[in-house]
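Student: Please pick one part of this structure and take me through it closely. After that, follow the trail to other side-chain contacts, and keep it informal.

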Amino acid sequence: MLDVNDFITERGGDPERIRESQRRRYAPVEDVDAVIAMFEDHRTTAYAAQQTGTQINTVQKQIGPKKKAKEDCTELLAEKAALEKEKAELLKSAAEKHQAMLAKIKTIGNIVAADVPNSDNEDNNVVVRTFAPPGYKVEKNEKFLSHHEVLAKIDGYDPERGVKVMGHRGYFLRDWGVLLAQALINYSQHFLRNKGYTLLQTPQLMLKTQMAKTAQLSQFDEELYKVIDGEKDEKYLIATSEQPISAFHADEWILEKELPLKYGGHSTCYRKEAGSSGRDVWGIFRVHQFDKVEQFVLTDPEKSWEMFDQMIGNSEEFMQSLGIPYQVVAIVSGALNNAAAKKLDLEAYFPHQGEYKELVSCSNCTDYQSRDLEIRFGTKKQTDAKKNYVHCLNSTLCAVTRTMCAILENYQTEEGVKVPEPLRRYLPNQEDFIPFIVRAAPAETKDLPVRPKKEA
């Protein structure tokens with residue numbers, strides 16, 4: 001969430017900066033003025049409570065001498081009691097107004113970075129750079145099978161029984177599907193550990209109170225699965241390890257010398273995928289349950305954009321090591337989630353469909369998450385007008401099922417699938433080739449529309 005002081009000019013804030021950010025997000029600009037009005041209303045009520053406290057002290061000063069002189073204090077005591085009741089009501093009202101104001105602030109997104117492309121249409125995402133292995137032609141190839149057909153031909157998954165057991169988008173990985181998935185997880189973890197990241201295997205459930213500090217309201221309805229444990233204990237299945245890791249240092253004060261804190265999180269992730277009906281319905285590309293290895297970093301605000309470049313660079317290096325062709329795109333301002341000041345996606349090329357598809361998202365959330373989670377850093381000076389919060393950044397390294405899809409579609413041959421060199425050490429007998437076992441092709445597929453991109 002944003003700092004309330006950023007809305008108030010007399011406290012050094014710049015509300016017009018927030019209004020402009022809202023315009024770029026195609027979000028309600030009037031919400032900024034609503035926060036300012038709520039702040040003034042809360043301040044007026046809090047001041048009234050303070051003034052009532054002063055009146056109580058005045059009356060109390062009159063009561064003392066009268067009691068000492070054994071004079072009648074009935075009226076004064078009644079006046080004091082009435083004032084105390086009034087103060088209690090004002091304090092309660094001020095607290096309620098303060099919470100309402102904070103709730104309103106949480107609906108307002110982070111300040112959009114200056115270099116984010118302005119648009120409310122993701123067709124206008126801007127291509128920043130591209131990569132293809134030497135000799136690779138980025139073009140639609142109708143001779144190639146779709147990733148789910150390749151996975152079926154190596155007998156790597158069973159979607160029919162998965163749907164029978166789990167329902168929509170359910171699947172079982174089997175044999176080579178399992179081995180490839182585990183190889184990707186192991187390689188991802190070793191890759192990040194060699195980059196100085198501390199590995200974390202996170203909880204897959206979060207308390208509602210903690211989830212509310214790191215996920216925006218729309219995610220609760222569109223993305224998160226709710227788990228009821230008894231009558232009152234509400235928990236949520238995580239959609240990404242970013243969520244529990246962001247709360248890992250909640251309510252802590254971190255020393256500057258400890259930064260950056262770099263974590264490589266591995267977890268199973270759960271997503272409703274509401275609103276994605278009809279999209280990527282074949283195979284394991286878009287599913288309700290998948291494993292992912294994530295980068296999450298807490299850093300000094302002065303160094304967060306440098307870290308942002310490092311993190312997307314790590315993701316690119318990882319994909320290049322696997323020989324996966326891709327493009328990096330800057331996400332338009334109107335498509336950013338509330339926490340992100342800027343987001344870059346890495347999209348792999350799928351030759352059967354002739355389309356780029358998202359594998360990685362890298363976001364700088366600046367101090368938007370850490371403020372709500374109270375993750376502070378440094379030494380507070382008396383001259384500091386504001387608290388200092390770390391900046392939080394996240395980036396996918398490897399969404400396992402999606403990365404597997406990209407490998408299967410790009411590394412297929414007429415006889416099977418070549419295994420990218422970095423994964424071989426994690427497979428039985430360090431296999432470099434997986435032969436087709438199932439000869440019959442799966443159900444016929446349809447081509448998906450190609451989304452145009454603007455060149456940088």
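Tutor: Let's start with K208, which counts as partly exposed because its relative accessible area is 38%. Bear in mind that this is a predicted model. The partner of K208 is E234, and the two side chains meet in a salt bridge at 3.4 Å, N to O. K208 belongs to helix α7 (residues 208–214) and E234 to strand β7 (residues 233–237), so this pair ties together parts that are 26 residues apart in sequence. E234, with a relative accessible area of 22%, is partly exposed too. Elsewhere, E16, R19, E20, R23 and D33 are joined into one network by salt bridges that share partners. The total for the model is 21 salt bridges.

Another of these bridges takes us to helix α10. R129 and E316 form a salt bridge, with 2.7 Å between the closest N and O atoms. The two sit in distant parts of the chain, 187 residues apart: R129 is in strand β1 (residues 126–131) and E316 in helix α10. The two ends differ in cover: R129 is partly exposed at 34% relative accessibility, while E316 counts as buried at 7%.

E316 has plenty of company in α10, where the buried residues are S304, M307, F308, M311, I312, N314, S315, E316, F318 and M319. You can also check the helix with a ruler. At 1.5 Å a residue, its 18 residues (304–321) should span 26 Å, and the end C-alpha atoms are 25 Å apart, which agrees. Just after α10, G323 takes a positive phi of about 70 degrees.

Keep F318 in mind, because it leads to the rings. Ring pairs link F318 with Y187, F191 and Y426 into a cluster. The whole structure holds nine aromatic pairs. One of them is Y187 with F191, an edge-to-face pair with centres 6.2 Å apart and 70 degrees between the planes. These two are four residues apart in helix α6 (residues 176–193), which means they are separated by about one helical turn. Y187 and F191 are both buried.

Compare that with F248 and Y263. Their ring centres are 5.4 Å apart and their planes stand at 80 degrees, so this pair is edge-to-face as well. Here the partners come from separate elements: F248 is in the loop between α9 (242–246) and β8 (253–254), and Y263 is in strand β9 (residues 261–270), so the pair ties together parts 15 residues apart in sequence. F248 is partly exposed at 43% relative accessibility, whereas Y263 is buried at 7%.

Rings meet charges here too. K153 lies over the face of F436, 4.6 Å from the ring centre. The charged end of K357 does likewise with F285, sitting over the ring at 5.2 Å from its centre.

Back to salt bridges for a moment: R161 pairs with D158, and their closest N and O atoms are 2.6 Å apart. R161 is partly exposed, at 48% relative accessibility, and D158 is buried, with a relative accessible area of 9%. Helix α5 (residues 159–166) also contains M166. At 41% relative accessibility M166 counts as partly exposed. Together with V165 and F172, M166 forms a nonpolar patch on the surface, with about 290 Å² of accessible area in total.

For a contrast, try helix α12 (residues 400–410), where V400 has its place. V400 is buried, with a relative accessible area of 2%. Its C-alpha atom is 9.8 Å from that of T268, though the two residues are 132 apart along the chain. The rest of α12 follows suit: 11 of its 11 residues are buried, so the helix is largely enclosed by the rest of the structure. Charged side chains such as R402 and E409 are among the buried ones.

Now zoom out. The chain has 13 helices and 18 strands, and its C-alpha trace spans about 105 × 50 × 40 Å along the principal axes. Of its 456 residues, 51% count as buried.

Methods:
Residues are numbered from 1 along each chain as its sequence is written. Side-chain values use heavy atoms; hydrogens and water are left out. The expected span of a helix is 1.5 Å times one less than its number of residues. Buried means under 20% relative accessible area, exposed over 50%, partly exposed in between (1.4 Å probe, protein chains only). Rings of Phe, Tyr and Trp (its six-membered ring) pair if their centres lie within 6.5 Å; planes under 30 degrees apart count as stacked, over 60 as edge-to-face and the rest as tilted. A charge sits over a ring if NZ of Lys or CZ of Arg is within 6 Å of the ring centre and within 35 degrees of the ring normal. Patches are made of residues with over 30% relative accessible area and no salt bridge: like charges are joined within 9 Å, nonpolar side chains (Val, Leu, Ile, Met, Phe, Trp, Tyr) within 5 Å. Accessible areas come from the Shrake-Rupley method with a 1.4 Å probe; for residues, only the protein chains shown count as cover. A salt bridge is a side-chain nitrogen of Lys or Arg within 4 Å of a carboxyl oxygen of Asp or Glu.
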